[in-house]
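Work through the exercises below with the sequence and the model at hand. Each task is followed by a solution in steps.

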Amino acid sequence: MGKYSLKYLCVLMLLLLKTGSSAFADNGYKLWLEYNKVGNPQLAVAYRQQLSYVIFPAASDRLKAAKSELLTGLDEMLTLKPVDAKSIINGQTIIIGTPQLLKSFSIAVPDSIGGEGYLIKTTLIGQKKCILIAANSDVGVIYGVFNFLKLIQINQSISKLNISDHPRMMYRVLDHWDNLNRTVERGYAGSSIWNWHKLPGVIDQRYIDYARANASVGINGSVVNNVNADALILSPQYLLKVQALANVFRTYGIKIYLSVKFSSPVELGGLKTADPLDPAVKKWWTDKADEIYSYIPDFGGFLVKANSEGQPGPQSYGRTHADGANMLADALAPHHGIVMWRAFVYDNKVPDDRFKQAYNEFKPLDGKFKDNVIVQVKNGPIDFQPREPFHPLFGAMPNTPLMMEFQLTQEYLGFSTHLVYEAPLFAECLQSDTYTRGKGSTVARIIRGDFNKKLITGMAGVANIGADLNWCGHPFAQANWYAFGRTAWNSDQSPAVIADDWLRMTFTDDENFVSPVKKFMLQSRENTVNYMAPLGLHHIMGVSTHYGPGPWVDNAGRPDWNATYYHKADSAGIGFDRTATGSNALTQYAPEVKARWESLQTCPDEYLLWFHHLSWTYKMSSGRSLWDELVYHYYAGAESVKQMSRTWEKMEGKIDAERFSEVKQLMQVQLNEAITWRDACVLYFQTFSKMPIETTYPKSQHPLDYYRNTKFYYVPGIGGNNYMTN
Ligand code: GCW
C-alpha cells in the first residue's frame, strides 16, 4: 500500500472514530460522559461561537479538575479549544467561578443556592453578553460545569440559560459492599474496583474516573468497604490505602467513609470487650477516630451494620442501637464526622414476622441518637425485593434523621443480565404518602427534613460497580448509578427525564433511538416484578445465592430465610396476612395507610399478597380469579421481555455495534431466565391451587422437578469458595 493511501486511511479511521460511527466499538467505559460529537451542524456552529473564549482561572485542585473537564468535553463534542481570556468578548465568552473571581466582574452569587449549588445563566456583564457558571464553592463549580456539559450532550440551546440548582439532600452516598479480598458481596460486575494490594502505591485511572462520574451526578460520598466489615480496614496499613483513595475523591468533592465492625476494639485493639459503655472501648474508638483524621482530615464517618445477620453489635452487651451509635458519634463529632447506623436488623429468635423487627427495635429509640447519627433504612421492610411497600419506619421517627438506602446492585432484580431501570422503583417509594404528618407527608419529604429542619439528611445507594470494562455488568445498569445520583440530588425529578438524559448522554441523541428505548426502560422494572414476584409476592428467590426462582425453599438456615415463610401458599390460598387476623404489621403504618392496605376494596393489586392471604378463587378487580391473575402476570412479564428485545433489534445501526450486540445477547439471556422464573413459579404454585393454566399459554418446557433440582455453580455475588447453589 502506498504511503499516501495509508495516511489517508488513518485519517479516515480517525474521523470515523470521532464521529462515533456505529460501525465502531464502544465498551461503555466512559459511562454517560461519552461526550459524543454534536451531530447537528447548525447547533455545533452556534455552540462554538458562544464558547470561543473562556474566563476560568483555576487555582485549586477542584477548579483545575472542573476546567479540565470543561475543556475535554468541549474538545470531544465540538473539537473546540476556547481561548483563555481576561475580559469578556460580547456573545462569545463563558465565565466560570466562585464569588472571589466573580467579584472583579461585580457579580454576586446568591446564598440561596447554598454551598453545593450553582447558577448557569446567560447574562450581561458591562453590556456584554456571556454565559456565567457561578457557585459559592469549588465543588459547586464542578457541579455547574458537569451540568453545563450535559446541556451540550443532550443538544439543548445555550442561548437563553437561566438555571439555578442545589442538592436537596446533604449526604448522597454510594455504599460499596466490597471485601478486602476484592470479592463484592452481591456484586455482578466483576471484582472490586479497589485494588487494595496495589494501593497506596498505584492510583488506577479508574479511581479518578469513578470520582468524575460520581461528581457529574452530585454524589458526594463513598463507603468503600462492605457493611459485613473486616476489622482490618482500621489498621494503619489499610488506612494508608484508604487515604490514597480519599486524596483522589477529594478533588471531586467526594468524602470517603468506612464500614466498621463493632467488635474492632477486640479484634484489632486486643480489648476484652466492645461494650459501648466501657471507658476503654470509648477511648479506643476516640483514638481511632483521631488517627483516621490524621490521615484523612475530611474523613466522612462510619457506616455500621450491627446485630444483624451475625454481625456484632451493642446488643451483645445488653446495650441498645442508640448506645452503640452514640459512642461512635462522640468519637467522630470533634472532627465533624457522622455515623450512618443501619436499621436492617432482624434477630435469630425468629419473630412472628420479620417485617416488623426494624420498627419494633428502632421506633422506641426515636430522639435518642446524637445529632451526627443518621439511621439508614432500606426502602422496604424486608430486603430490596422487586417490589416492597415503603418501610414503616419512614415517618415513625420524627426526631431522628433517616437516610434512605436503595440497592443499585440487582441482587433481587436479575443480577447483571436483566435490564431493570430502577428510577421508577425509587420514585414509587419516595412519593409514597406516609400520612404521618398529614396528607402529603411523603417519604421524600420526611427524609429531606421538611418536617424537622434540625435533621441531617441523606440517601445511600448500594453500588452496582465492579471491575468489568463497562463498570456495571449490563450497559443499562449504568443508568441505575446515574439515576441514583440524580434522585439523591433532587428526588422530585421524574424517572422519564432522567432516562431521557441518560440515553442521550450515554448512547445517542437520535430521537428514533431515545424514544422507544426510554419507553421500555420505564416499563422494565414492572416487567421484572411480573415474571419474578407479581401481586405482592416477595422473597421467593433461590436460597443464599438469591439467583433464580426458589418458591419451594423451606429448609434454609432460618425460617425467615425460607420462601415458604413469605408466600404461605397452601390449598386454601396464598399470601402473608399482615392484617389484624395475621401478624398485624399494618399497625406500624399511619391509620390512613393501614386502612387503605388492609381493606381488600382499596389495597392495590401490587401489594395484595404483601398483606393478605387470599383464596385461589378470590375475585380480582380484573374479574379474573387470583390464580388466573397470577398466571396472567407471570406470562405478561416474560412476554414483555420478548417485546423489549424486538424493539432493541430495531435499534441496530443507531448506536455502536459493540454495545448493541451486548445488549441484544443479554436480552436473550434475560428472556430465558424470565421464562424459567415464570414456569418454575407457576408450576410450583399450581401444586397448591390445583387449577389449570389456560391452554392458550405456551407450556413449560420442563416439569417442576427440573427447576427444583437445577443447581447453579459459582453464582456471582458471594465471596470465598461458596460455589453452590439453590
Ligand atoms: O439482603 C441481604 C443480603 C446480604 C447483605 C444484607 C445487608 C451485606 O443478601 O448480602 O449483606 O442484606 O443489607 O446487610
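How much space lies in the second largest cavity? The model is a predicted one, in which local features need pLDDT of at least 70 and side-chain atom pairs count only at pLDDT 80 or more, while totals for chains, interfaces and linings use all residues. Residues are numbered from 1 along each chain as its sequence is written, and side-chain values use heavy atoms, with hydrogens and water left out.

**Exercise 1. Describe the cavities.**

Step 1. Start with the term: on a 1 Å grid over the protein atoms alone, a cavity is a set of points where a 1.4 Å probe fits but cannot get out, and lining residues have an atom within 4 Å of a point. Grid points are joined across faces, edges and corners, and a volume is the space filled by probe spheres set on the points.

Step 2. The second largest cavity holds about 90 Å³ of space. Its lining includes Asn379, Phe384, Gln385, Phe406, Tyr412 and Leu425.

Step 3. Sort that lining by class, with Ala, Val, Leu, Ile, Met, Phe, Trp, Tyr, Cys and Pro as nonpolar, Asp, Glu, Lys and Arg as charged, and the others, Gly among them, as polar. The second largest cavity then has five nonpolar, five polar and two charged lining residues.

Step 4. The largest cavity has a volume of about 130 Å³. Of its 15 lining residues, Met397, Pro398, Ile446, Phe451 and Leu455 are the closest to its centre. Here the lining has nine nonpolar, five polar and one charged residues.

**Exercise 2. Find the barrel and the helix H12 that packs on it.**

Step 1. Helices (H or I, at least four residues) and strands (E, at least two) are DSSP runs, numbered from the N terminus. Two strands pair if DSSP finds at least two bridges between them.

Step 2. The order S7-S8-S9-S10-S11-S12-S13-S14 closes eight strands into a barrel with parallel pairing. On average, neighbouring strands of this sheet are turned by 25 degrees against each other, direction ignored. (Axes are lines fitted to C-alpha atoms, for helices over the stretch in contact, and angles run from 0 to 180 degrees between N-to-C directions.)

Step 3. As one pair, take strand S10 (residues 301-304) and strand S11 (residues 338-342), which run parallel and are joined by four bridges. Leu303 has Met340 in S11 as its bridge partner.

Step 4. Helix H12 (residues 423-430) packs on the sheet and touches strand S13 (402-407) and strand S14 (458-462). The direction of H12 makes about 150 degrees with that of S13. Contact means heavy atoms within 4.5 Å.

Step 5. Seven of the eight residues of H12 are buried, where buried means under 20% relative accessible area, exposed over 50% and partly exposed in between (1.4 Å probe, protein chains only). S13, H13, S14 and helix H14 (478-489) are among the elements that cover the buried residues of H12.

**Exercise 3. Lay out the open sheet.**

Step 1. Six strands form an open sheet with mixed pairing, in the order S2-S1-S3-S5-S4-S6. Strand S2 (83-84) and S6 stand at the edges with a single partner strand each, so one side of each is left without a neighbour in the sheet.

Step 2. Strand S4 (residues 118-125) is antiparallel to strand S6 (residues 162-165), with four bridges between the two. Ile120 stands opposite Ile163 in S6.

Step 3. S4 is also joined to strand S5 (residues 128-134), by seven bridges in the antiparallel sense. In the hairpin of S4 and S5, with two residues between the strands, Gly126 takes a positive phi near 55 degrees.

**Exercise 4. Is Phe384 buried or exposed, and what is its phi?**

Step 1. Phe384 is found in the loop between strand S12 (373-378) and S13.

Step 2. Phe384 is buried, because its relative accessible area is 5%.

Step 3. The phi of Phe384 is near 55 degrees, a positive value in a residue other than glycine. Most residues other than glycine have a negative phi, and most peptide bonds are trans.

Step 4. For a peptide bond, look at Leu199 to Pro200: the bond is cis, with omega near 0 degrees. Pro200 is found in the loop between strand S7 (171-175) and helix H6 (205-216).

Methods:
On a 1 Å grid over the protein atoms alone, a cavity is a set of points where a 1.4 Å probe fits but cannot get out, and a pocket is an open set with protein on both sides within 12 Å along at least five of seven lines; lining residues have an atom within 4 Å of a point.
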